[in-house]
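Please open the structure in your viewer and keep the sequence at hand. The tour proceeds by selection, from the whole chain to single residues.

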Amino acid sequence: MRVQVPLEKAYRLINHGPATLVTSKADGRANVMAAAWVSPLDSALVSAVISNDSLTREFIERSGEFALSLPTVGLVDAVYRSGSLSGRDGDKFAAAGLATFPASKVAAPLIEGCVGWLECRLRDESRAREKYDLLIADVVAAWADATVYRDGQWRFEGQPDKRTLHHVSKGVFLASGEVVEASTD
Ligand SMILES: Cc1cc2nc3c(=O)[nH]c(=O)nc-3n(C[C@H](O)[C@H](O)[C@H](O)COP(=O)(O)O)c2cc1C
């Protein structure tokens, strides 16, 4: 048996890449928001759909930079909060209880307690940005927590608190699951 998925919810079937926290900074002020619509486009190239009414979008367009932090299950409330409030209404780092540390190549800060971080510089793809809110950016530095990223891949076994979050809908998330290896014979 199959259920029909309404087209306006079709994205949910393929939406469980890791939820991210997008940080940005302009004129000395930083902001953070949750974003699920973030994908790789090439080895060191990413896309992110960032709504044009968000403060994040304004800061990214002004600075040409942003960072992505990959939060863990322990940060689920902070992620949801940072995606439910706008930085236009106050300091969201304080409201969501998120601590930061400096990035290496961009002004936007990185979020403590996450397991991966990508520092990104916006490409000049204004048509995609205006038409689809689609930002395309080069990754200029990338970092991972060495306790869960080993030999070039995620290994969450034995560290349930460090699993990444995958957005399902509203405040519902999946945690990254077990590793399943295909036969390579
Ligand atoms: C789990 C989650 C994922 C979200 N993903 C996106 C997204 O991919 N793109 C987007 O524009 N907004 C997304 N949002 C909504 C923004 O985070 C929200 O509009 C936020 O308040 C914008 O904050 P700002 O105005 O401080 O930038 C998401 C919200 C949640 C809770």
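The stops below each name what to select and describe what is there.

**The whole chain**

Begin with everything displayed, and bear in mind that this is a predicted model. In cartoon view, the chain shows 4 helices and 13 strands. Its radius of gyration is 17 Å, close to the 16 Å that the globule rule gives for 185 residues, so the chain is as compact as a globular protein of that length. Along the principal axes, the C-alpha atoms fill a box of roughly 50 × 40 × 35 Å. Buried residues make up 34% of the 185 residues. Among contacts with a separation of 6 or more, 61% join residues 24 or more positions apart.

**The ligand and its shell**

Next, select the ligand. Which residues are the closest to the ligand? They are Trp-37, Thr-56, Gly-83, Ser-86 and Gly-87, within a shell of 23 surrounding residues. Colour β2 (29–35), α1 (55–63) and α2 (76–82), the elements that give two or more residues to this shell. β2 gives the most, with 4 residues. Colouring the shell by class gives 12 nonpolar, 9 polar and 2 charged residues.

**Helix α1**

Now select α1 and show its side chains. Its buried residues are Thr-56, Arg-57, Phe-59 and Ile-60. These residues lie on the same side of α1, because they cover an arc of only 165° around the axis. To see what they pack against, add β1 (20–26), β2, β5 (65–70), β8 (116–122) and β9 (134–144). Thr-56 is thus one of the buried residues of α1 and also one of the residues closest to the ligand. Just after the helix comes Gly-64, whose phi is positive, near 75°.

**The nonpolar core**

Select Val-22, Ala-35, Ala-67 and Leu-68 next. These have the most contacts inside the largest nonpolar core, which has 38 residues. At least two residues of this core come from each of β1, β2, α1, β5, α2, β7 (110–111), β8 and β9. Centre the view on Val-22: leaving aside residues up to four places away in sequence, it touches Val-32, Met-33, Ala-35, Ala-48, Ile-50, Thr-56, Phe-66 and Leu-68.

**Two exposed aspartates**

Move to Asp-42, in strand β3 (residues 38–42). Is this residue buried or exposed? Asp-42 is exposed, because 10 other C-beta atoms lie within 10 Å. A distance line from its C-alpha atom to that of Gln-159, 117 residues apart along the chain, gives 29 Å.

Then select Asp-91, in the loop between α2 and α3 (92–96). Asp-91 counts as exposed, with 12 C-beta neighbours inside 10 Å. Its C-alpha atom is separated by 26 Å from that of Ala-142, which is 51 residues apart along the chain.

**Two residues with positive phi**

Finish with two loops. Asp-133 lies in the loop between α4 (126–132) and β9. Its phi is positive, about 60°, although Asp-133 is not a glycine. Asp-133 is partly exposed, with 16 other C-beta atoms within 10 Å.

The last selection is Lys-170, in the loop between β12 (165–169) and β13 (172–175). Its phi, near 40°, is a positive value in a residue other than glycine. Lys-170 is exposed, with 9 other C-beta atoms within 10 Å.

Terms used
Residues are numbered from 1 along each chain as its sequence is written. This is a predicted model: local features need pLDDT of at least 70, side-chain atom pairs count only at pLDDT 80 or more; totals for chains, interfaces and linings use all residues. A residue is near a molecule or strand if its C-beta atom, placed from the backbone, lies within 6 Å of it. Ala, Val, Leu, Ile, Met, Phe, Trp, Tyr, Cys and Pro count as nonpolar, Asp, Glu, Lys and Arg as charged, and the others, Gly among them, as polar. The radius of gyration is taken over C-alpha atoms; the globule rule is 2.2 Å times the number of residues to the power 0.38. A residue is buried if 20 or more other C-beta atoms lie within 10 Å of its own, exposed if 12 or fewer, and partly exposed in between; C-beta atoms are placed from the backbone. Two residues are in contact if their C-beta atoms, placed from the backbone, lie within 7 Å. The arc is that of the directions from the helix axis to the C-beta atoms. A nonpolar core is a set of buried Ala, Val, Leu, Ile, Met, Phe, Trp, Tyr and Cys residues joined through C-beta atoms within 7 Å.
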